[in-house]
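Let's take a walk through a protein fold together. Have a look at the picture, and then we will go through it step by step.

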Amino acid sequence: MRIKPFTVLAAIAALVLLTSCGLHSLFKEGGSEYTIVIARDAPASERYAATELRDWIKAVSGVELPVTDLDGGQAGKRLVVGYNSLVENYFPDTVKPEDRDDSFEVRSREGDIFFWGGSKRGTLYSVYSFLEEELGCRWYSSKVSVAPSLSSWSFRNISRREEPGILIRDNCVLDVRTNPAFSARLRNNFIRLPGERPGETLPGTAEGYWGVHSMGYLITPAEFYSSHPEYFSLRDGKRQSGYSQLCLSNPEVLDLCVERIKDVMRREPDYLIYSMEQADNFLFCECDECAALAEKYGGQSGIMLWFVNQVADAVKEEFPDKFIGTFAYQYTRHAPKDIVPRDNVVIRLCGIECCMLHDYDDCERNVDFLKDLQEWSAIAPHLYIWDYVTDFLEYCLPVANWKTMRTHIQDFRDNNAIGILEEGDYQTTSCELREMRSWLLSKLMWNPDADLDALIKDFTDGYYGAAGPFVREYLDLEDRILRRPGIHGICYITPSDEMYTDEFITEGLRIFASAKEAVASDSVLYDRVETAEMPLRFLQLEKDPVKALQEGADTIFRRVVEREGIDRMAEGSWGGTYMTAKEVIDKYDKMARDMAGSRMLPSTRAETSGPGVSYIKYEGDFMSTDEMLSGGKVVEEGVMETIFIDPDPEKDHFGHVFDTWFMAVEDGFHRFKIVSDDGSVLFIDGQKVIDSDGSHSARTEWALVNLEKGLHRLTLRFFEDCEEQRLEVSVIAPDGYHGPLPADRLFVPDN
Ligand SMILES: [Zn+2]
Ligand SMILES: [Zn+2]
């Protein structure tokens, strides 16, 4: 760039003025006298740091600073990137950080700014810290970054030092997993840094954990069962030939595991921790030797640790800087007795059973986990926590764990956690407020003591603009309703969970209406707010479909799904209501068509002997309502106020037929919902509208029925097989009534 002499003179004059009062101008009105300087032999990660610094300063100021080698003879002021001879000269009291040390410093001296940390990532993080804290840059998601437009920026003195609260930070959500550049900007270090070419990453720049459940594939029955069935777990007197566990007391199994893991460590040296972990099932070995070791060391975690310690001893000489990782998971979650993990063993403790909504020391569901965490931490120098932060049955359901994400990470930090895997929507992009959840997790793993309210304000104002205050109001609503006394949330929640009240949906939608109004003139922000509203629309469809369809909730759901490219709704096909977003769309499409084309059932002029429900009670051992009617013994007949069964869990093998005239007070769609344990079948005007028959645990079914104002015959068959029983019948009526079948709309049939 050629600079006119006048500009140079003016710049020098300005500089004299600035330095005279101790101010240094990094850039001003499109110009800068700074050069980014790196050592000639700087590693690729620090070269990347220099380009990030250059690119983001340019994004903020419009000025592109040159990047030169340390001995390249630059003129003017310097931004010195990496620990090199200049740092040693200017800061003789410092020592070169370890390569994998993520802590860093940013310091100014005589107008120069120095950025340094460990060469793998620390230096890069120092650049990001400067860009965030000094220039105001933000990386809210892989797609949304903020670079404030500044005409000038100057500084007097900069002195920052930070270190990570958690050494290994694995933010396991799709947006981070698939975007190394974004991952690095959030200082997650489980993913390697980007290389020069698109899609390439830099070896050695991640603190990875190799494998999971590795015992299930290091030694398999397919390879060994025919020659060595004794390598596999003994269950009910038989060595297992399918996916099971290893016989840990067998010395040949130990030798094989050592050989195989060493082979992995040689072939794939780019990891810090190598998995020697139980397969994902409960089929541990029950042979005499294994049972004796389990007995000796306080249970299954004891024999597992006895085994893993020996693997760790065997690899230590060749791999002194590496760890062997093993699970404290399900049947090995409890801490063992009379044995402690070696220094080079990492215990990966898994809190899948925990309540996400409450602190560990403030929830009855978390008592056991807290005990395990504390007992392991008392004996294990290195823990690695596998934490769950979203709902895996339907990723998009609201989960009010904003406060506990922080306190849980603090508890991990305080109990020797060197790493955390925060498992979020790692397969899809449908998690509720996923950008904020992911951003907060990264921020909190870096600094567990960070000011949560300030972080949330930063994100909501930065990402949602004028709608930010409304998003915070919505978070307060979540906090008040979804965490009200008596409500808990593990990571498997369904839309019918009692935590999601009508008030939550109504109030939430009211807040989002205001939020959308606030950003109505900005289509980018509007879309973000609509995406944030989508979970509520999904809940509304599930809980009050008639109203939801009338309000266009299905249209909003579909628009967000298409815009965000959402495919999956759930982690797996087990347990959840929907596996894919398409299933949701198809279901409500069909319902909208059914509603549009449905015939209204005419009411009946009927004789009634007054309010109530007539019933017949049966007893007998039946597996369906048909069997009840054909083979059950009638033990009682009468009239009750509304549908009711004996809730005593000791009472089994009975059933009812309930029969009544239901009064529709207005024309229109009625949604009948039945939760039954065991089977139930509902008829309206002789048509079977809900079939939830058979022996099963509590199951929710519902039907939309278009009814003319007046009386309609409602017949419900129900039976209880064994264990607990439950029968709840509710209706959402066009006049706005919403709740259990109301006694004042039920009349005893005369015939
Ligand atoms: Zn065994
Ligand atoms: Zn709880």
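Is the crossing of α2 and α4 left-handed or right-handed? To get there, let's begin with the sheet, keeping in mind that this is a predicted model.

The sheet is open and has 6 strands, in the order β3-β2-β4-β6-β5-β10, with mixed pairing. At its edges stand β3 (67–69) and β10 (159–162); each has a single partner strand, so one side of each is left without a neighbour in the sheet. From one strand to the next, the twist averages 20°.

Now zoom in on one edge. Strand β2, residues 34–38, pairs with β3 in the parallel sense, over 3 bridges. Here you can find Ile36 standing opposite Val67 in β3.

Next come the helices. Helix α2 (residues 44–61) packs on the sheet, where it touches β2, β3 and β4 (77–81). The direction of α2 makes about 165° with that of β2. Helix α4 (residues 122–133) packs on the sheet too, touching β4, β5 (104–109), β6 (112–117) and β10. The direction of α4 makes about 130° with that of β6.

How do two packed helices get described? By the angle between their axes and the distance between the axes. The axes of α2 and α4 come within 8 Å and cross at roughly 15°. An angle under 35 degrees counts as roughly parallel, and α2 and α4 are therefore roughly parallel to each other. As for our opening question, their crossing is left-handed.

Finally, look at the residues that meet: among them are Tyr48, Leu53 and Trp56 in α2, and Leu124, Val127 and Leu131 in α4. By class, this contact of α2 with α4 has 7 nonpolar, 2 polar and 2 charged residues.

Methods:
Residues numbered from 1 in each chain as written. Chains lettered and ligands numbered in written order. Predicted model: local features only at pLDDT ≥ 70, side-chain atom pairs only at ≥ 80, totals over all residues. Pairing = 2+ DSSP bridges. Helix = DSSP H or I, 4+ residues; strand = E, 2+ residues; numbered from the N terminus. Axes fitted to C-alpha atoms, helices over the stretch in contact; angles between N-to-C directions. Contact = placed C-beta atoms within 7 Å. Parallel < 35°, antiparallel > 145°, perpendicular 65-115°, else oblique. Left-handed = near helix turned anticlockwise from the far one by under 90°. Nonpolar A, V, L, I, M, F, W, Y, C, P; charged D, E, K, R; others polar.
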